[in-house]
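Welcome to a short tour of a protein model. Have a look at the picture first, and then we can walk through some of its contacts and charges together.

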Amino acid sequence: HNYKYIYTHVYNLYLYSFILHRMEKLIPVINKLQDVFSTVGRESIELPQIAVVGTQSTGKSSVLESIVGRDFLPRGSGVVTRRPLLLQLVHVSEEAAEGFWGWAKFLHNEEKIYQDFGEVRNEIEKLTEDVAGNNKGISSEPIRLRIFSPYVLNLTLIDLPGMTRVPVGDQPDDIEEQLREMILLYITNPNCIILAVHGANTDLATSEALKLAREVDCEGNRTLVVCTKLDLMDSGTDAHDILIGKVIPVKLGIIGVVNRSQKDILE
């Protein structure tokens, strides 16, 4: 029985490695397809991707930057992410990086290479204002960014505007419905993993991100929850039941994180 178990375990490891190797070759092809489809509008086929969903100020951008390993997203209070950001992470060799952490390119100008990620942030802000204006307006037209580094995995991530109910600035009266439709456009894709970001200092049962995720993934088969702000929970409470899935179970798990404060980022 022990030999059979070992054989099965080794075989499963081999199968996993084989699939992973195949996926490593497939992801660049998927990235190329996404670039092609971006020129003709909405994707013609449903491509694998990870969509980051949450309400405003839950720490979506911090989670995304932690995955990448670099600060490159606009920050501030209120509405910050105002256009979808389609981010392709491309793993390259250390030799290709030539001693640098990595570099970035935008699809609209692939000739320009960014090694200063502060400049990447500035370009995202500029592209946002060019289309959505400078008074809190939103747009469903995505910004496409590609980051190359030896320290990232091959992934396609989508940072979506945070959900809100009350319009501010130049936002339309039906801002809640517009954001809902924009997010559904991405997460209804059956090949999309929904990364639902929820602030642990609010009740998980009232999470707008999870509510929307359940509409398209009622069994939770492709939903992963990230609970941020664990350090801001009320005194005497803890996240144990949330993190082990007793409150709302999801198949891909629940991860707790403590985000950096604005002061930490500035320092």
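A residue counts as buried when its relative accessible area is under 20%, as exposed when that value is over 50%, and as partly exposed in between. In this predicted model, Arg-83 has 6% relative accessibility and is therefore buried.

**The chain as a whole**

Eight helices and nine strands make up the secondary structure of the protein chain. Of its 267 residues, 43% are buried. The surface exposed by the chain comes to about 14,900 Å², with carbon and sulfur atoms supplying 54% of it. Among contacts between residues at least 6 apart in sequence, 74% join residues at least 24 apart.

**Salt bridges**

How many salt bridges does the structure hold? There are five, and the table lists three of them, including the bridge made by Arg-83.

| Acidic residue | Basic residue | Closest N to O distance |
|---|---|---|
| Asp-159 | Lys-60 | 3.3 Å |
| Glu-141 | Arg-83 | 3.6 Å |
| Glu-215 | Arg-180 | 2.8 Å |

Asp-159 sits in strand 6 (residues 155-159) and Lys-60 in helix 2 (residues 60-68), so this bridge links distant parts of the chain, 99 residues apart. Both partners are buried, because Asp-159 has 1% relative accessibility and Lys-60 has 6%.

The bridge between Glu-141 and Arg-83 joins two loops: Glu-141 is between helix 4 (117-132) and strand 5 (143-149), Arg-83 between helix 2 and strand 2, and the pair ties together parts 58 residues apart in sequence. Here Glu-141 is partly exposed at 45%, whereas Arg-83 is buried.

Glu-215 and Arg-180 form a salt bridge that ties helix 6 (residues 208-216) to helix 5, across 35 residues of sequence. Glu-215 is partly exposed at 42%, as is Arg-180 at 29%.

**Helix 5 and a negative patch**

Helix 5 (residues 175-187) also holds Glu-177, which is partly exposed with a relative accessible area of 37%. On the surface, Glu-177 gathers with Asp-173, Asp-174 and Glu-181 in a patch of negative charge.

Is Ile-187, another residue of helix 5, buried or exposed? Ile-187 is buried, at 0% relative accessibility. Beyond its neighbours within four places in sequence, Ile-187 is in contact with residues including Ala-51, Val-53, Leu-212 and Ala-213. The C-alpha atoms of Ile-187 and Ala-213 are 7.5 Å apart, with their positions 26 residues apart in sequence.

**A buried leucine in strand 2**

Leu-87 belongs to strand 2 (residues 85-91) and is buried at 0% relative accessibility. Leaving out residues up to four places away in sequence, Leu-87 touches Val-68, Phe-72, Leu-145, Ile-147, Leu-155, Thr-156 and Leu-157.

Key:
Residues are numbered from 1 along each chain as its sequence is written. This is a predicted model: local features need pLDDT of at least 70, side-chain atom pairs count only at pLDDT 80 or more; totals for chains, interfaces and linings use all residues. Side-chain values use heavy atoms; hydrogens and water are left out. Patches are made of residues with over 30% relative accessible area and no salt bridge: like charges are joined within 9 Å, nonpolar side chains (Val, Leu, Ile, Met, Phe, Trp, Tyr) within 5 Å. Accessible areas come from the Shrake-Rupley method with a 1.4 Å probe; for residues, only the protein chains shown count as cover. A salt bridge is a side-chain nitrogen of Lys or Arg within 4 Å of a carboxyl oxygen of Asp or Glu. Lys and Arg count as positive and Asp and Glu as negative; His and the chain ends are not counted. The place of a charge is taken as NZ of Lys, CZ of Arg, CG of Asp or CD of Glu. Helices (H or I, at least four residues) and strands (E, at least two) are DSSP runs, numbered from the N terminus. Buried means under 20% relative accessible area, exposed over 50%, partly exposed in between (1.4 Å probe, protein chains only). Contact means heavy atoms within 4.5 Å.
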